[in-house]
Amino acid sequence: MVQIGIENTIKRHVPLRSMLFVPGDSERKLEKAVSSPADALILDLEDAVAPSRTHIARGMVLEYLKSRPDRQRQEIWVRINPLATPSALRDLVVVAGAPDGLVLPKVSSYHDIVQLAHYLEALEVREGIDPGSIRIIPVATETPQALFSLGGYVGCSPRLVGLTWGAEDIAAAIGASTNRRPNGEYDMVYQLARALCLSGAAAAEVQPIDTMFGDFANPEGLEADAKSARQAGFTGKIAIHPNQVEIINRAFSPSTSEVEWSQRVVDLFANNPGLGTVGLDGKMLDMPHLKQAQRVLELAASKFDREKAS
Ligand code: COA
Ligand code: MG
């Protein structure tokens with residue numbers, strides 16, 4: 001059997017299937033999150049925390065990070081406030097807890113990533129943390145200007161490992177009273193935001209992470225939404241409630257039949273070097289199919305690595 005992609009997977013960051021938002025000032029939810037199978041938590045200092053409690057949340061988040069230094073099973077990220085606000089620099093006190101990464105909301109363009117990366121370079125040295133170790137994922141569609149800059153993330157910083165998108169803040173910024181059509185689908189601007197996030201991430205070779213599914217008491221709806229996101233190319237999804245995490249993990253893990261098929265495709269090409277196109281079970285296969293099959297095997301291998309760690 002030809003093993004393709006496993007070495008690459010180890011060198012690259014393992015894709016995060018699920019990232020669970022946890023309000024940074026909620027002792028109960030922070031505690032509950034410890035037992036969640038989410039690949040990553042995002043401790044929030046922004047919208048889920050009332051401004052009057054931000055300073056309390058900073059202290060709680062820092063303490064929490066320090067109390068959980070082992071991140072093998074679950075990474076711990078922090079969403080700070082937008083760089084344009086005075087809160088952002090104060091939020092960076094959490095660097096002392098060595099978060100795996102920071103989620104940066106309401107960015108305008110890749111310039112925000114470069115600026116945050118500069119801050120982190122200085123702070124990591126001060127805190128004695130490996131320089132470059134704190135990664136960044138922006139919420140890349142929350143301001144109108146951001147929509148016009150999604151092709152700009154290519155090569156902006158090695159800290160950039162993903163892009164995610166949101167449909168709430170952009171709607172508020174535009175002045176829309178709803179972001180949905182009468183049939184419940186996202187309206188044009190938000191479908192555009194989703195598509196640009198996906199293609200911007202592909203261009204920058206970072207992980208595209210789908211936005212949250214807000215209706216947390218609707219598991220069937222979430223499953224359908226997550227499956228369609230994965231088919232579209234997203235490799236992970238934001239969760240806002242613990243009950244969403246297993247559904248998301250499942251949706252973003254390749255099934256046994258997918259893995260088997262992909263292995264057959266990879267083996268077929270490996271056994272027929274020099275062939276650009278081959279037939280399998282009556283289907284024509286060429287390079288895009290091989291790439292897709294390799295990707296599925298990489299994902300399967302990274303899931304295996306993650307489960308070994310838990
Ligand atoms: N992380 C950890 N634990 C959570 C949680 C979360 N995001 N959401 C709910 N829980 C816990 C609750 O504390 C409760 O535990 P308990 O019974 O031990 O107290 C349990 O899960 C069930 O919660 P439930 O009653 O169904 O939900 P809720 O009404 O308490 O909360 C929300 C609903 C939406 C407010 C909550 O899920 C939440 O805070 N989500 C995150 C919001 C956020 O961070 N948004 C910013 C990004 S969009
Ligand atoms: Mg928001």
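**A metal site, an aromatic cluster and two domains**

D169 comes out as partly exposed, with a relative accessibility of 21%; on this scale buried means under 20% relative accessible area, exposed means over 50%, and partly exposed is in between (1.4 Å probe, protein chains only). The model is a predicted one, so local features need pLDDT of at least 70 and side-chain atom pairs count only at pLDDT 80 or more, while totals for chains, interfaces and linings use all residues. Residues are numbered from 1 along each chain as its sequence is written, chains are lettered from A and ligands numbered from 1 in the order in which they are written, and side-chain values use heavy atoms, with hydrogens and water left out.

Back to D169, then. Together with D47, D169 is a protein donor of the magnesium ion (ligand 2), each through OD, at 2.1 to 2.3 Å. Donors here are N, O and S atoms within 2.8 Å of the metal (3.2 Å for Na, K and Ca), and sites may look incomplete because water is not among the atoms. D47 belongs to the loop between β2 (40-44) and α3 (54-67), whereas D169 is in helix α7 (residues 169-174), so the pair ties together parts 122 residues apart in sequence. Helices (H or I, at least four residues) and strands (E, at least two) are DSSP runs, numbered from the N terminus. Like its partner, D47 is partly exposed, at 49% relative accessibility.

Now for the rings. There are 2 aromatic pairs in the structure, counting rings of Phe, Tyr and Trp (its six-membered ring) with centres within 6.5 Å; planes under 30 degrees apart are stacked, over 60 edge-to-face, and the rest tilted. W165 and Y186 have ring centres 5.5 Å apart and planes at 70°, so this pair is edge-to-face. The pair joins distant parts of the chain, 21 residues apart: W165 is in the loop between β6 (162-164) and α7, and Y186 is in the loop between α7 and α8 (188-204). Y186 also pairs with Y190, this time tilted, at 6.5 Å centre to centre and 45° between the planes. W165 and Y186 are both buried, and Y190 is buried too. Ring pairs thus make a cluster of W165, Y186 and Y190.

Charges join in as well. The charged end of R180 sits over the ring of Y186, 3.9 Å from its centre; the rule asks for NZ of Lys or CZ of Arg within 6 Å of the ring centre and within 35 degrees of the ring normal. K283 lies over the face of W261, 5.6 Å from the ring centre.

How is the chain divided into domains? Domain 1 covers 2-251 and domain 2 covers 256-309, with bounds from an automatic or database domain assignment. Their centres, taken over C-alpha atoms, are 29 Å apart. P254 sits in the loop between α10 (245-251) and α11 and is buried, with a relative accessible area of 12%. From its C-alpha atom to that of L222, 32 residues away along the chain, the separation is 17 Å. Helix α11 (residues 256-271) has 16 residues and its end C-alpha atoms are 22 Å apart, which agrees with the 22 Å expected, that span being 1.5 Å times one less than the number of residues. Among the buried residues of α11 are V265, V266 and F269.

Finally, the cysteines. The disulfide count is 0, with a pair of sulfur atoms needing to be within 2.5 Å. The sulfur of C156 has its closest cysteine sulfur in C197, 13 Å away, too far for a bond. Both are buried: C156 has a relative accessible area of 16% and C197 has 0%.
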